[in-house]
Amino acid sequence: MRGTARVRTRIVSLSVAIAAIAVALFGVPLGLGLARYAVAEEGVALQRLADLTSATVLTDLAHDRVPAVLPGSGTAATSLGLFDEDGLLLAGEGPRGGDLGVAAGLNDVVPRVAQIGGELVAISPVIGDGEILGAVRAARPVSVVYTALIPIWLGMLGLAALVLTAAWVIARRQARRLAQPLEDLAVLAGRLGEGDFSVRPRRAGLAEVDALGAAFAGTAARLDDLLARERAFSAEASHQLRTPLAALRLRLENARADVRARPGAGVGPALDAAVVETERLTHTVEELLALARSRGGDGRGPVDLHSVLDEVVETYRPRLVAEGRSLELDRDGCAELDGESTVVGSRAAIGQVLAVLLDNALRHGKGAVRVGLREVGDAVAVDVSDEGSGFADDGRLERDGGPPGDSTVPDGTGLGLPLATRLAEDQDGRLVVSRDSPPVVTLFLPMIEVGRQHGSLGRGDTQPARTDGHI
């Protein structure tokens with residue numbers, strides 16, 4: 001969280017700095033302009049006062065009289081003085097010998113306003129009969145003008161502080177809004193690292209952050225799918241390898257029994273059979289790995305169903321024979337499958353489905369096991385049956401409430417049958433219960449002619465026909 005805290009601090013600091021620069025660029029010129037305006041207005045007021053006083057004392061100066069009191073004098077912080085034509089103070093307040101402003105006023109009829117010695121000075125000459133009889137000087141300290149501006153400047157500073165505070169508050173909220181999704185992603189990343197692949201970030205309302213969250217969710221989903229495949233492979237491998245291992249053990253035990261019964265008997269054929277079983281075991285592992293890595297119908301194409309059936313039947317026949325049971329393969333219902341048409345799907349997936357069905361019949365069924373092959377419209381049906389009491393009686397596989405003769409294989413009946421159901425659906429096929437007792441489970445697979453283009457065999461391109469009420 002330290003990283004996101006630093007991000008928040010940077011966002012807030014940058015926002016406040018930008019606001020401070022904006023306030024300074026706007027407020028400083030405004031304050032200076034306000035001061036200049038106040039000084040100019042004060043100069044106009046002093047000039048007006050000097051002109052008014054000059055007109056008032058004109059009669060007295062024309063008759064060589066000095067007024068006792070100057071009109072307008074006595075104003076707070078404002079000095080008003082009357083000077084003769086030589087620049088000497090006659091009445092009021094001001095420098096006794098005059099100053100540059102008085103001298104300028106006595107030599108020029110144009111009124112002047114200037115800052116002299118920290119004062120704002122306005123001069124108005126007294127003119128009578130075309131002659132300058134004297135000058136009136138009105139002055140006020142510039143500091144008084146600036147002092148009067150202090151409340152306004154303080155108000156501007158307060159407004160600037162309010163603006164900066166508002167910028168700080170808004171920046172904090174925005175920083176929290178920006179940083180919170182990142183903090184959430186950091187927490188979710190930690191959970192993801194601990195193995196929780198169900199994490200999904202909430203929408204933040206920010207396009208960039210939401211895009212990051214979507215990428216994070218996609219990664220979590222892919223990791224979840226990858227882990228699920230690995231777990232499924234582990235479970236399916238442990239289940240599917242039991243039968244080849246049992247067959248291998250059976251052959252080795254038979255060879256050991258023969259050696260004990262007949263010490264001179266050769267074990268070469270038994271070892272050859274064990275090697276064959278080992279090769280089949282290796283092939284099964286490779287098929288399971290291929291299925292785990294390409295789940296969802298990938299790797300589909302033409303499949304020699306006869307070859308797959310022969311391979312699976314030869315794997316399970318020794319175990320059935322060892323238990324006093326038989327395994328029959330009937331191809332009469334699909335005699336034309338050999339040359340003119342083929343099954344569409346994955347050889348590994350179809351082989352695993354058939355292996356699950358035969359393993360189910362071996363472990364839970366009774367009597368002879370029969371594998372029948374027949375054509376059903378545009379599909380091929382593989383029926384696996386035994387002479388047992390049925391699914392509902394022994395709990396192996398319960399009906400899902402469907403109509404008689406068409407019950408989809410449900411989950412919850414052990415690992416093998418749900419695996420077979422999923423693999424069949426991945427091949428655009430279907431696994432159904434055709435009969436409850438004696439039990440018959442049927443695998444339907446799509447079929448096309450050999451001459452067709454296999455590139456069009458995408459998922460959903462070929463579906464088994466609805467025949468006999470099964471699919």
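Student: What makes β9 and β10 a hairpin in this predicted model?
Tutor: Two residues lie between β9 and β10, and the strands run antiparallel, joined by seven bridges. Two strands count as paired when at least two bridges are found between them, so β9 and β10 meet the criterion. In the turn, glycine 377 has a positive phi of about 65°. One of the bridge partnerships sets arginine 374 against alanine 381 of β10.

Student: Why is strand β10 described as largely enclosed?
Tutor: Seven of the seven residues in β10, residues 379-385, are buried, so the rest of the structure largely encloses this strand. Both of its faces are covered: Ala379, Ala381, Asp383 and Ser385 are buried on one side, and Val380, Val382 and Val384 on the other.

Student: How do you know that arginine 370 and aspartate 330 form a salt bridge?
Tutor: Their closest N and O atoms are 2.5 Å apart. The cut-off is 4 Å, so the pair qualifies as a salt bridge. Arginine 370 belongs to β9 and aspartate 330 to β7 (residues 327-333), so the contact ties together parts that are 40 residues apart in sequence.

Student: Which of the words buried, partly exposed or exposed applies to arginine 370, and which to aspartate 330?
Tutor: Buried means under 20% relative accessible area and exposed means over 50%, with partly exposed in between. Arginine 370, with a value of 32%, is therefore partly exposed. Aspartate 330 has 18% and therefore counts as buried.

Student: What makes the contact of glutamate 119 with arginine 137 a salt bridge?
Tutor: The closest N and O atoms of glutamate 119 and arginine 137 are 3.1 Å apart, which is within 4 Å, so the definition is satisfied. This pair links distant parts of the chain, with glutamate 119 in β4 and arginine 137 in β5, 18 residues apart. Glutamate 119 has a relative accessible area of 22% and is partly exposed, whereas arginine 137, at 4%, counts as buried. The structure holds nine salt bridges.

Student: Why are β2 and β3 said to stand at the edges of their sheet?
Tutor: The open sheet has five strands in the order β2-β1-β5-β4-β3, with antiparallel pairing. β2 (89-92) and β3 (112-116) each have a single partner strand, so one side of each is left without a neighbour in the sheet. On average, neighbouring strands of this sheet are turned by 25° against each other, direction ignored.

Student: How do you know that β1 and β5 are paired within that sheet?
Tutor: Six bridges join β1 (residues 79-84) to β5 (residues 131-141). At least two are required, so the strands pair. Serine 79 has alanine 139 as its bridge partner in β5. Helix α2 (residues 100-107) lies across β1, β3, β4 and β5, at about 150° to β5. Helix α3 lies across β3, β4 and β5, at about 40° to β5.

Student: Why is threonine 53 called buried, and why is leucine 157 called exposed?
Tutor: Threonine 53 has a relative accessible area of 0%, which is under 20%, so the residue is buried. This residue of helix α1 (residues 2-62) touches Leu70, Pro71, Leu80 and Val136, leaving aside residues up to four places away in sequence. Leucine 157 has 57%, which is over 50%, so this residue is exposed. Leucine 157 is found in α3 (residues 142-193) and, with Ile150 and Leu154, makes a nonpolar surface patch of about 300 Å².

Definitions and conventions:
Residues are numbered from 1 along each chain as its sequence is written. This is a predicted model: local features need pLDDT of at least 70, side-chain atom pairs count only at pLDDT 80 or more; totals for chains, interfaces and linings use all residues. Side-chain values use heavy atoms; hydrogens and water are left out. Buried means under 20% relative accessible area, exposed over 50%, partly exposed in between (1.4 Å probe, protein chains only). Helices (H or I, at least four residues) and strands (E, at least two) are DSSP runs, numbered from the N terminus. Patches are made of residues with over 30% relative accessible area and no salt bridge: like charges are joined within 9 Å, nonpolar side chains (Val, Leu, Ile, Met, Phe, Trp, Tyr) within 5 Å. Accessible areas come from the Shrake-Rupley method with a 1.4 Å probe; for residues, only the protein chains shown count as cover. A salt bridge is a side-chain nitrogen of Lys or Arg within 4 Å of a carboxyl oxygen of Asp or Glu. Axes are lines fitted to C-alpha atoms, for helices over the stretch in contact, and angles run from 0 to 180 degrees between N-to-C directions. Contact means heavy atoms within 4.5 Å.
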